[in-house]
Amino acid sequence: MYVYADNAATTKLSEAAKAAMLPYFDELYANPSSIHSSGQRIKDDINCARQTVADVIGAAQANEITFTSGGTESDNQALLSAAALGAERGKKHIISSSFEHHAVLHTLNKLKKQGFEITLITPEPNGIVSTEKVAAKIREDTALVSIMYANNEVGTIQPISEIGAICRKNGVLFHTDAVQAVGHLFIDVQKQNIDLLSFSAHKFHGPKGVGGLYARRGTALSRLIEGGGQEKSRRPGTENVPGIIGLAAAVKEAYKNIDKDYLYILSLRDKILNSLLAIPGSRLNGDLQNRLPGNISISFEGLDSESLILLLDNKGISVSNGSACNSTSTQPSHVLRSIGVSKEYIRGTLRITLGRYNTEEEADYIIANVIESVNYLRSFSPVWKDSHKEESPYAV
Ligand SMILES: *Cc1c(COP(=O)(O)O)cnc(C)c1O
């Protein structure tokens with residue numbers, strides 16, 4: 001049996017997205033900037049895709065959406081643009097949180113070197129950024145607040161509407177990295193007072209290497225690279241046409257079935273979670289209520305998650321211990337550290353992220369194999385054996 005349960009890292013391309021893209025690898029290959037009818041037809045298709053995205057996130061106008069190469073580029077462009085707009089008005093202070101994705105944190109480091117002052121708010125131990133703490137840090141010279149919509153490691157959903165309202169009241173731009181949220185949660189950029197929002201197709205069953213940035217009308221985007229006039233000169237370079245078409249098909253499909261999928265994924269999640277939390281010395285990371293439906297971030301005392309992931313991999317189960325981007329790093333997760341998880345528990349953390357293609361049978365297979373593997377690994381742990389002798393079936 002093969003079980004893919006690493007949907008926070010990337011998702012399987014949906015059949016609908018794939019089918020929508022295929023003609024654009026084939027007969028629909030013209031350049032959307034060409035003036036002939038073949039090219040203009042492609043340009044129309046891109047604008048249709050733009051309208052689809054605008055509709056699902058509640059944007060007022062399709063031209064508030066700029067297509068990019070993905071979440072990382074969108075985060076870079078959002079932050080650098082807001083910083084440039086702030087600097088024009090003498091505002092060089094930015095507020096964010098310490099458990100953002102590296103696409104945000106590393107861009108903030110770059111801005112710091114350019115003379116911006118960065119305030120990073122530590123999330124509460126339940127993985128939620130306090131709205132009051134954000135409000136308390138806003139100053140006269142604050143240009144931007146950037147808080148992620150949902151965290152990619154622990155799945156916690158942030159109080160975006162509340163933070164948006166505070167930013168609007170204070171005349172501060174608000175960006176949210178919504179890469180884990182778009183396609184999974186209802187979003188309304190107008191009601192939620194969001195000025196800039198990043199998204200990425202491969203996190204909602206679309207293709208990799210394409211995403212976008214919503215920028216409210218009047219929020220001018222800086223160009224990261226120089227070139228032609230594509231995407232209203234905000235993002236030069238010939239468009240990734242099949243990618244954009246696939247993104248729109250995937251997001252449309254995701255929102256068409258969002259209620260049904262949400263409840264289905266949640267039922268699988270709760271089944272797995274309840275079984276795994278029954279394992280002694282286990283704990284859930286992050287709030288249970290304000291959480292993405294598919295996220296399980298669970299820590300086991302007395303074992304090393306790398307060994308656990310490899311054992312599960314041998315059984316055909318793909319899971320992770322945190323962000324896919326940091327899998328080569330030996331540093332303990334900055335997300336888990338930021339919410340105060342102890343070193344011992346960080347070491348034994350497993351991230352299981354489910355999606356709409358997972359089945360009940362797969363959930364049972366995950367449960368059985370995690371329980372068996374945890375017990376097996378703990379049978380080698382002297383510390384665990386001494387303190388929990390009677391609980392381990394492998395106890396000697
Ligand atoms: C995946 C992810 C990104 C990066 O998106 P890419 O399209 O892979 O560049 C950024 N932020 C969050 C929260 C993510 O989960």
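Visitor: Which helix gives the largest share of the shell around the ligand?

Guide: That would be helix 3, which spans residues 71-88 and supplies three residues of the shell. Keep in mind as we go that this is a predicted model.

Visitor: How many residues surround the ligand, and which are the closest?

Guide: There are 13 of them, and the closest are T72, D177, Q180, S200 and K203. To be counted as near, a residue needs a heavy atom within 4 Å of the ligand.

Visitor: What kinds of residues make up that shell around the ligand?

Guide: It's a mix: eight polar residues, three charged and two nonpolar.

Visitor: How do you know that D177 is within polar reach of the ligand?

Guide: Look at the atoms. An N or O atom in the D177 side chain sits 2.7 Å from a nitrogen atom of the ligand. The cut-off for a polar contact is 3.5 Å between N or O atoms, so this pair qualifies.

Visitor: And what do G71 and K203 bring to the ligand?

Guide: G71 uses its backbone, where an N or O atom lies 2.8 Å from an oxygen atom of the ligand. K203 uses its side chain, with an N or O atom 2.8 Å from an oxygen atom of the ligand. As for cover, the ligand on its own has 380 Å² of accessible area, and the protein covers 87% of that.

Visitor: Why is K203 called buried?

Guide: Its relative accessible area is 11%. Buried means under 20%, so K203 fits the word. You'll find K203 in the loop between strand 7 and strand 8. Its C-alpha is 9.3 Å from that of H184, and the two residues are 19 apart in sequence.

Visitor: Where does H184 turn up again?

Guide: In the lining of the largest cavity, which has 23 residues. H184, I265, P293, L354 and G355 are the ones nearest the centre of this cavity.

Visitor: What makes a space in the protein a cavity, and how many of 30 Å³ or more are there?

Guide: A cavity is a space where a 1.4 Å probe fits but cannot get out. Four cavities of 30 Å³ or more are found here. The largest has a volume of about 310 Å³.

Visitor: What is the lining of the largest cavity made of?

Guide: Sorted by type, you get 12 polar residues, eight nonpolar and three charged. Helix 8, residues 258-277, gives the largest share of this lining, with four residues.

Visitor: What makes the phi of N193 worth a stop?

Guide: Most residues other than glycine have a negative phi. N193 is not a glycine, yet its phi is positive, near 55 degrees. N193 lies in the loop between strand 6 (173-177) and strand 7 (196-200). With a relative accessible area of 15%, N193 is under the 20% limit and therefore buried.

Visitor: And K232, is that residue buried or exposed?

Guide: Exposed! Its relative accessibility is 57%, and the word applies over 50%, so K232 passes. K232 also has a positive phi, about 50 degrees, although it is not a glycine. Look for K232 in the loop between strand 8 (211-215) and helix 7 (241-256).

Visitor: Why does N295 count as buried?

Guide: N295 has 2% relative accessibility, which is under 20%, so buried is the right word. N295 is in strand 10, residues 295-300. Its side chain is joined to that of R291 by a polar contact of 2.8 Å.

Visitor: How do you know that H334 makes a polar contact with H102?

Guide: The distance between their side chains is 3.5 Å. A polar contact needs N or O atoms within 3.5 Å, so this one is right at the limit. The H334 side chain also reaches the backbone oxygen of E100 at 2.8 Å. H334 is in helix 10, residues 334-338, and is buried at 14% relative accessible area.

Visitor: Last stop: why is R356 called buried, and which side chains does it contact?

Guide: R356 has a relative accessible area of 15%, and with the cut-off at 20%, it is therefore buried. Its side chain makes a polar contact with the side chain of E253 at 3.2 Å. Another polar contact, of 3.0 Å, joins the side chains of R356 and Y357. R356 is found in the loop between strand 12 (349-353) and helix 12 (360-378).

Conventions
Residues numbered from 1 in each chain as written. Predicted model: local features only at pLDDT ≥ 70, side-chain atom pairs only at ≥ 80, totals over all residues. Heavy atoms only, no water. Polar contact = N/O pair within 3.5 Å; in protein donor to acceptor, adjacent residues only side chain to side chain. Areas by Shrake-Rupley, 256 points an atom, 1.4 Å probe, with all protein chains shown as cover. Helix = DSSP H or I, 4+ residues; strand = E, 2+ residues; numbered from the N terminus. Nonpolar A, V, L, I, M, F, W, Y, C, P; charged D, E, K, R; others polar. 1 Å grid on protein atoms, 1.4 Å probe; cavity = no way out; pocket = protein on both sides within 12 Å on 5 of 7 lines; lining within 4 Å. Points joined across faces, edges and corners; volume = space filled by probe spheres on them. Buried < 20%, exposed > 50% of the residue type's maximum accessible area, 1.4 Å probe, protein only.
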